[in-house]
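Me: I'm new to this one. Can you put it up and walk me through it?

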Amino acid sequence: MALDTTLFDSDLTFWGWSCTTPNELFARLADELEVRDLVAPTWRGAVATREEVYPTGLATASCGIALPHADAEHIIRPFIALVRPASPIPFQPMGGIGDTVDAKLVMALGFTHAEDQIGALQYVMEVFANEHTGDALRAATSPAELIALLRG
């Protein structure tokens, strides 16, 4: 299933957050997502617990990213939230193998159907497999530029 790239939205793109841990980022992001009626109040704990068991840090050729998500039961409406933190946030590596990943971009995925997560992960892997595109994403200077690059 292809990813609906209209889910990349400037209203859900957050720039320059000063978070130092994944849990600090999840708490702040939960506040933003709850007020928009995108997630249930259970999302905050669910995403943190899932990240501990199934870490999502991914070292790519251009930068470290993280793809945190919670199970569909915590999602009200589908979304993709992007966070460009003020400084990289350390995430444990996907699969639990390798070094800590300093995420310069966090892409929180929220889908009401589990199979949609697979399409999103495939899309992200394809985007960041292209070193030129990955470098452009890392160098983006505004939410609008980042969204344009992700939408293709």
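Me: How many disulfides does a search of the whole structure find?
Reply: Zero. A disulfide here is a pair of cysteine sulfur atoms within 2.5 Å. Cys 19 is in none, and its nearest cysteine sulfur, on Cys 63, is 17 Å away.

Me: Is Cys 19 buried or exposed?
Reply: Buried, at 3% relative accessible area. Cys 63 is buried too, at 8%. Buried means under 20%, exposed over 50%, partly exposed in between (1.4 Å probe, protein chains only).

Me: What am I looking at, source-wise?
Reply: A predicted model: local features need pLDDT of at least 70, side-chain atom pairs count only at pLDDT 80 or more, and totals for chains, interfaces and linings use all residues. Residues are numbered from 1 along each chain as its sequence is written, and side-chain values use heavy atoms, without hydrogens or water.

Me: Switching to salt bridges. How many are there?
Reply: The count is six. The rule is a side-chain nitrogen of Lys or Arg within 4 Å of a carboxyl oxygen of Asp or Glu.

Me: Which residue does Asp 11 pair with?
Reply: Arg 36, at 3.2 Å, N to O. Asp 11 is partly exposed at 44%, and Arg 36 is partly exposed at 22%.

Me: What else forms a salt bridge with Arg 36?
Reply: Glu 32 does, with the closest N and O atoms 2.6 Å apart. Glu 32 is partly exposed, at 25%. Shared partners join Asp 11, Glu 32 and Arg 36 into one network.

Me: And which residue does Arg 44 meet?
Reply: Asp 31, in a salt bridge of 2.8 Å, N to O.
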